[in-house]
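Got a few minutes for a walk through a protein chain? Pull up the viewer and let's go through it piece by piece.

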Amino acid sequence: MCERCRKTVPSCVLGQAKRRKLWTIPTEYHCSIVGTCLSSEDVAWLCRRLKLVPTADARPYDIHRYFVEKAAEDGPEARLMHKRLDETFAVAVKRFARETTEEGWMALWAAAVASGDVAAAYWGVLSHGAMPDAVRVRAFADVHMLSHIMGGENRRQLRENRDLARRCEELTARLAKQERAAAERVAEKDARIRELEAQLATQRAAPAVPETPNVPKAPSGRAPGQARLLRTMDALHRRVASERMRARHAEAEVERLRRLLDPPAAQLRRTAAAETNAPTDLGGRAILYVGGRTKSLPHLRAAVETRNGCLLHHDGGFEQTTRCLEGLVERADVVVCPVDCVSHDACLRVKGLCRRMGKPFVPMRSAGATSFARILHSFGQDGSGEDAAHH
């Protein structure tokens with residue numbers, strides 16, 4: 001029973017729990033709402049509807065801050081944001097509206113985090129008029145920690161990109177030096193081969209020494225001069241073959257250095273052209289996908305199998321237990337984790353397992369198929385994808 005109105009709890013809550021408008025939600029939540037619940041497409045749509053034209057030097061942070069500030073005011077910006085959020089997350093809003101107990105709301109939030117539906121559930125929690133503080137604080141804390149995880153991964157990726165660019169420059173300089181040295185050695189050997197071939201042609205064209213009764217025969221039945229000429233010709237043939245072999249070895253060394261340069265150069269090209277739809281050969285590697293949306297798994301599995309790979313999946317602990325996660329990580333060659341579509345605990349656990357087993361850990365910004373396709377383009381038969389995903 002409710003002490004104030006003496007009605008049953010469900011009837012009381014449904015009567016009082018009018019939904020909060022965006023501008024009535026405490027301002028400390030506005031930054032996380034705009035950053036988590038509004039996608040880049042939503043922000044672009046808002047700018048078009050509000051006829052906002054960002055300046056040429058406007059950064060994404062400037063646009064984000066503008067909408068955060070406007071969210072606290074009962075104006076056209078806040079009303080349009082509220083309408084967009086309600087339309088986008090209508091199902092989650094209704095789901096949280098039907099619940100009437102703190103335990104039920106906590107369970108709904110935990111399920112949403114485990115399935116990766118964080119943005120919709122976050123709006124459903126914060127816009128609910130009767131939501132207990134404990135549920136709001138729990139939701140805010142989980143979203144806050146997810147942003148920390150993603151920020152750390154972004155910083156690590158930037159450092160790896162800088163190291164990769166520096167390594168590429170070093171290998172390029174080394175290859176150029178080796179190519180110049182190899183070209184000089186090949187030119188020198190070609191000149192020596194031409195000289196030896198000229199000597200051989202001269203000796204072949206020289207007239208044979210006539211036999212005379214007084215000239216002793218060589219053991220082979222030929223005159224001593226002819227035997228010496230044949231021995232000289234054989235020696236020249238061997239020297240020509242040896243010089244040609246050394247030239248082939250020099251060319252093989254140049255090719256080896258060129259292959260050594262290929263992985264970091266290919267990684268930089270993939271980073272600059274992540275939108276390409278060209279197929280990638282995964283070389284039979286197993287990719288473990290932790291979290292994500294169940295309905296998109298058939299598409300992700302098809303994308304991996306058409307690239308000669310194998311997709312393993314764990315839902316992050318929502319329906320599957322985390323006990324089998326260690327075995328899946330051990331079987332996988334690469335572990336991919338969409339940080340917006342997996343529980344905080346599962347994300348930290350799989351990252352720790354990858355560090356302990358020495359497996360590459362690749363966080364994704366979102367659980368969309370496009371993001372997963374971009375990740376696949378960083379994997380190839382030469383192993384460069386794994387080099388770019390050190391945990």
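Is Cys347 buried or exposed? Cys347 is buried, with a relative accessible area of 1%; the cut-off for calling a residue buried is under 20%. Keep in mind as we go that this is a predicted model.

Let's stay with the cysteines for a moment. The structure holds 0 disulfides. Cys347, then, is in no disulfide, and the nearest cysteine sulfur to its own belongs to Cys337, 3.9 Å away. A pair of cysteine sulfurs has to be within 2.5 Å to count as a disulfide, so Cys347 and Cys337 don't make the cut. Another cysteine to click on is Cys310, which is partly exposed, at a relative accessible area of 36%.

Now zoom out to the whole chain. You'll find 15 helices and 4 strands. The chain has 391 residues, and 40% of them count as buried. Take the contacts between residues at least 6 apart in sequence: 78% of those join residues at least 24 apart.

A good place to start on the helices is H3, which covers residues 40-49. Its buried residues are Asp42, Val43, Trp45, Leu46 and Cys47. What do they pack against? The buried residues of H3 pack against three helices: H2 (30-37), H4 (60-71) and H5 (76-88).

Follow the backbone just past the end of H3 and you come to Lys51. Lys51 sits in the loop between H3 and H4. Its phi is positive, about 55°, although Lys51 is not a glycine. With a relative accessible area of 72%, Lys51 is exposed. There's another non-glycine with a positive phi at Asn308, where the value is about 65°. Asn308 lies in the loop between helix H11 (297-305) and strand S2 (310-314). Asn308 is partly exposed, with a relative accessible area of 42%.

Next, go to helix H8, residues 118-126. We'll look at three of its helix partners, beginning with H6, residues 90-98. The axes of H6 and H8 come within 8 Å and cross at roughly 45°. That angle makes H6 oblique to H8, and the crossing is right-handed. On the H6 side, the residues that meet H8 are Ala92, Val93 and Phe96. Facing them from H8 are Ala120, Ala121, Trp123, Gly124 and Val125. Sorted by class, this contact has 7 nonpolar residues, 1 polar residue and no charged ones.

H2 is another partner of H8. Here the axes are 9 Å apart and the packing angle is about 150°, with H2 passing H8 in a left-handed crossing. H2 brings Ser32, Ile33, Thr36 and Cys37 to the contact, while H8 brings Val118, Ala119, Tyr122, Trp123 and Leu126. That gives 7 nonpolar and 2 polar residues, again with no charged ones. Trp123 is worth a second click, since it turns up in the contact with H6 and in the contact with H2.

Then there's H7, residues 102-115. The axes of H7 and H8 come within 8 Å and cross at roughly 160°. The two helices are therefore roughly antiparallel to each other, and H7 passes H8 in a left-handed crossing. Trp109, Ala112 and Val113 of H7 meet Val118, Ala121, Tyr122 and Val125 of H8. How do the residues of this contact divide by class? There are 7 nonpolar, no polar and no charged residues.

Let's finish on Trp109, which lies in H7. Trp109 counts as buried because its relative accessibility is 0%. Setting aside neighbours within four places in sequence, which residues is Trp109 in contact with? They are Phe96, Val118, Ala121, Tyr122, Val125, Arg138, Ala139, Asp142 and Val143. Among them, Phe96 is a residue of H6 that also meets H8, and Val118, Ala121, Tyr122 and Val125 are the H8 residues from the H7 contact. Asp142 is 33 residues from Trp109 in sequence, and their C-alpha atoms are 10.0 Å apart in space.

Conventions. Residues are numbered from 1 along each chain as its sequence is written. This is a predicted model: local features need pLDDT of at least 70, side-chain atom pairs count only at pLDDT 80 or more; totals for chains, interfaces and linings use all residues. Side-chain values use heavy atoms; hydrogens and water are left out. Buried means under 20% relative accessible area, exposed over 50%, partly exposed in between (1.4 Å probe, protein chains only). Contact means heavy atoms within 4.5 Å. Axes are lines fitted to C-alpha atoms, for helices over the stretch in contact, and angles run from 0 to 180 degrees between N-to-C directions. Angles under 35 degrees count as roughly parallel, over 145 as roughly antiparallel, 65 to 115 as roughly perpendicular and the rest as oblique. A crossing is left-handed if the near helix is turned anticlockwise from the far one by less than a right angle, and right-handed if clockwise. Ala, Val, Leu, Ile, Met, Phe, Trp, Tyr, Cys and Pro count as nonpolar, Asp, Glu, Lys and Arg as charged, and the others, Gly among them, as polar.
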